[in-house]
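Reader: I should like to go through the cysteines of this model with you. Could you put the structure up?

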Amino acid sequence: MIRTGPAILIFLAALLAPLPAFAWSDDAERCFAVSYDAPLALGYCNRALEEPGLPDADRAAILNNRGVTHTSLGQFDDAARDFTAALDAGGPDVGTLNNRAIALGWNGDHEAALADLEAAIDLDPRDSISFNNRCWLYAEMGRAEEALADCDEALRLRPRDAIAIASRSYALLKAERLDEALADADRAADLAPGFWQSWLYRAYVLEARGETAKAKTDFLKARAYGPKEWEVRRALEKRGLL
């Protein structure tokens, strides 16, 4: 994915790679163009990175995109290595720091992920994606009040952002404030009905409320909108829905 706007992942929103700096070879262009087919994209990215004389900015963008692809496959160690190499080649970058934080967070290295998000916020304190992703991370760490404060800040910076609203629903779920969590999840689904995380996070809330039939419907909607997303696959596999 190319970093053109709000993150995908809630925290995912940050899984967006920087735009290329120059005209590229066919392999480099296809590295980005075929992101819907992760194994194919990896092949193109690998070949693009072997091109002689590749400028550092281009190398950073391709590495970042390959890292996003590894993340989508659940290959978090490979993803983190690519994001680190992208930062070494291209210098500090808010999007790449967010991307590495997501890979580290999903891999269970919460403290390192938190350090990356704090660095991203220091670089650009008006970037709503960094606050959104730190909201998700704090929720994962059991620090619900800090999570909610960050989601509120993300929404102050970018009102009506379905990604941040979905993230806040997850933080409210972790805080066991289920009625509020459901209200946010409903709102996220209304604002972005094609966004897989809206349905996945609402499914989590409905499941916690004991509404298992409704939760199953939403899990399947998440699969319909994000069939190749690692988080969707993990959730459905745990519930025997793959």
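Reader: To begin, is Cys151 buried or exposed?

Author: Please keep in mind that this is a predicted model. Cys151 has a relative accessibility of 0%, and the cut-off for buried is under 20%, so Cys151 counts as buried.

Reader: Which cysteine forms a disulfide with Cys151?

Author: Cys135 does, and the two sulfur atoms lie 2.0 Å apart. The bond joins distant parts of the chain, since Cys135 belongs to helix H7 (residues 128–140) and Cys151 to helix H8 (residues 144–157), with the two positions 16 residues apart in numbering.

Reader: And what is the relative accessible area of Cys135?

Author: The value for Cys135 is 0%, so Cys135 is buried.

Reader: Is that disulfide of Cys135 and Cys151 left-handed or right-handed?

Author: The torsion about its S-S bond is about -90°, which makes the disulfide of Cys135 and Cys151 left-handed.

Reader: Turning to the total, how many disulfides does the structure hold?

Author: There are 2 disulfides. Besides the pair already discussed, Cys31 and Cys45 are bonded, with their sulfur atoms 2.0 Å apart. This pair also links distant parts of the chain: Cys31 sits in helix H1 (residues 26–33) and Cys45 in helix H2 (residues 38–49), 14 residues apart.

Reader: Why is the disulfide of Cys31 and Cys45 called right-handed?

Author: Because the torsion about its S-S bond is about 80°.

Reader: Are Cys31 and Cys45 buried or exposed?

Author: Both Cys31 and Cys45 are buried.

Reader: Lastly, what is the pairing of the bonded cysteines in sequence order?

Author: Numbered in that order, the bonded cysteines pair as 1-2, 3-4.

Key:
Residues are numbered from 1 along each chain as its sequence is written. This is a predicted model: local features need pLDDT of at least 70, side-chain atom pairs count only at pLDDT 80 or more; totals for chains, interfaces and linings use all residues. Side-chain values use heavy atoms; hydrogens and water are left out. A disulfide is a pair of cysteine sulfur atoms within 2.5 Å. Helices (H or I, at least four residues) and strands (E, at least two) are DSSP runs, numbered from the N terminus. Buried means under 20% relative accessible area, exposed over 50%, partly exposed in between (1.4 Å probe, protein chains only).
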